[in-house]
Amino acid sequence: SVTVTVEKAGILRGMLGTDVNMITRLKVIGPINGTDLRTLREMAGVDFYGNTTSGQLRELDLTQATICSGGDDYMEHWDSDNIANSIPVACFMYSNLVSVSLPINLKSIENQAFFCCEKLENVVIPSTCRRIGMNAFGVTSLASIDIPRGVGDIGIKAFDRCYNLKSINVHADNISYSSVNGILCDDAMETLLYYPSGKGEINIPDNVKYIDESAFDDCVRSKSLFIPANVVTIPSKACMYMSQLSSIEVDINNKYYTSIDGVLYSKNITDLVACPKLKESLVIPEGVQFISSYACWKCANLREVKMHDNISVIGENAFYECTNLADIVFSSNLINIDASAFFNCTRLTTISLPKSLSSLGNAAFCGCENLMVIYSWRDFPPLIGDNTFYRISPNCIVYVPQNCKESYLNNKEWGNLTILEME
């Protein structure tokens, strides 16, 4: 354990002697700049270029240090001109730090400051800190973190893939954020912003009305999701990364959502909002008109989808990379299939596009490499976007109604495919 007092910025390495990489615990008192941060990076296991060093520094105490602008660039591509009172962008990224206490006059922790510090278990943030940047603590081993009263801005994915994180504790006097049972919420405790995955199964507080679209991004082990009565808004992206989710259930008193066979729908059953990742067969109820964007995104277990004739729109990325989807029956009143709706659905071999279909978005069936047969029942070709059928089977045949072949062949997009008339 070493304590060093520096009188001016830029001289830390000289004061520590020749064996800096052998120091495991360090406390720094006084001003430090980019030159010193570069030294601390190397001591913590990562050099100027991001390469591994022999540095053994694990515990770093900067509570009595002051970070000043100036000095050498602290890492490749990042200068030290405007780093005063901040942990600058990517400063300790990929380092081996286990514990860090930050300067008591710190104003900000910038984007990716401690990203991929996989051994980091403890960080002390001062009350002066105003900002925690995007991915600032992503991919660390933090089990809990205290957010002081001064923090008014927490960037997206600040705790990305922190799978050990069980508790985010916000100071009671913070006017921008709050926490309920270790869950990060807005100041009114009405919007659930981030659910720590280390807590296990999800338990949404009863006072929550809104769920941020990235709130459950790290809940990759959660098997079920229960939506309480007061929830008003759930983005379809909310379940995107919940790879073990088998069921979504909704309180019967919720006025905005309902659940049928473990699938989330709007209360009036006009919108399919989200399908659990482990769902194998999806029979969409008769009243549904819209399949929301991302509703079945990467539902890799999904083998078949059956829809009634009320559905008019399939949203973008709705069935993106449903790699086991082999059988889908489209609504006879389908109007739009939006961008990337069936991107990389590699087991699709045959699709039948109804006469009602007017447009297919960009890359709608891109990457469906085994798609061999397309029936298009419309007399004139539906509008298609860029790369709609890119990387489908080169032997794919499009069958169109009698006397319609020429209109398809004369279409710039459809004309690149093999067109035959139905018998």
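## A tour of strands, a hairpin and two pockets

Start by selecting V283 and K306: V283 stands opposite K306, which belongs to strand 24. You are looking at a predicted model, in which local features need pLDDT of at least 70, side-chain atom pairs count only at pLDDT 80 or more, and totals for chains, interfaces and linings use all residues. Residues are numbered from 1 along each chain as its sequence is written, and side-chain values use heavy atoms, with hydrogens and water left out.

**Stop 1: the sheet of three**

Select residues 304–306, which make up strand 24. Strands here are DSSP runs of E with at least two residues, numbered from the N terminus; two of them pair if DSSP finds at least two bridges between them. Strand 24 runs parallel to strand 22, and 3 bridges join the two. Now add 281–283 for strand 22 and 327–329 for strand 26. Together you have an open sheet of 3 strands, in the order 22-24-26 and with parallel pairing. Strands 22 and 26 stand at the edges with a single partner strand each, so one side of each has no neighbour in the sheet.

**Stop 2: the sheet of four**

Move to another open sheet, this one of 4 strands. Its order is 5-7-9-11, and the pairing is parallel. Which strands stand at the edges? Select 86–87 for strand 5 and 153–154 for strand 11. Each of these two has a single partner strand, so one of its sides is left without a neighbour in the sheet. Next pick residues 131–132, strand 9. Strand 9 pairs with strand 11 in the parallel sense, over 2 bridges. Show I132 and I154: I154, in strand 11, is the bridge partner of I132.

**Stop 3: the hairpin**

Select 257–260 and 263–266, strands 19 and 20. They run antiparallel and are joined by 4 bridges. Highlight S259, whose bridge partner in strand 20 is L264. The two strands form a hairpin with 2 residues between them. One residue to click in the turn is D261, with a positive phi of about 55°.

**Stop 4: the pockets**

Show G155, I156, K157, L193 and S214. Of the 15 residues lining the largest pocket, these five lie nearest its centre. (A pocket is an open set of points on a 1 Å grid where a 1.4 Å probe fits, with protein on both sides within 12 Å along at least five of seven lines; lining residues have an atom within 4 Å of a point.) The largest pocket holds about 250 Å³ of space, taken as the space filled by probe spheres set on the points.

Finish at the second largest pocket, with about 160 Å³. Select I384, G385, N387, T388, F389, Y390, E413, N416 and L417 to see its lining.
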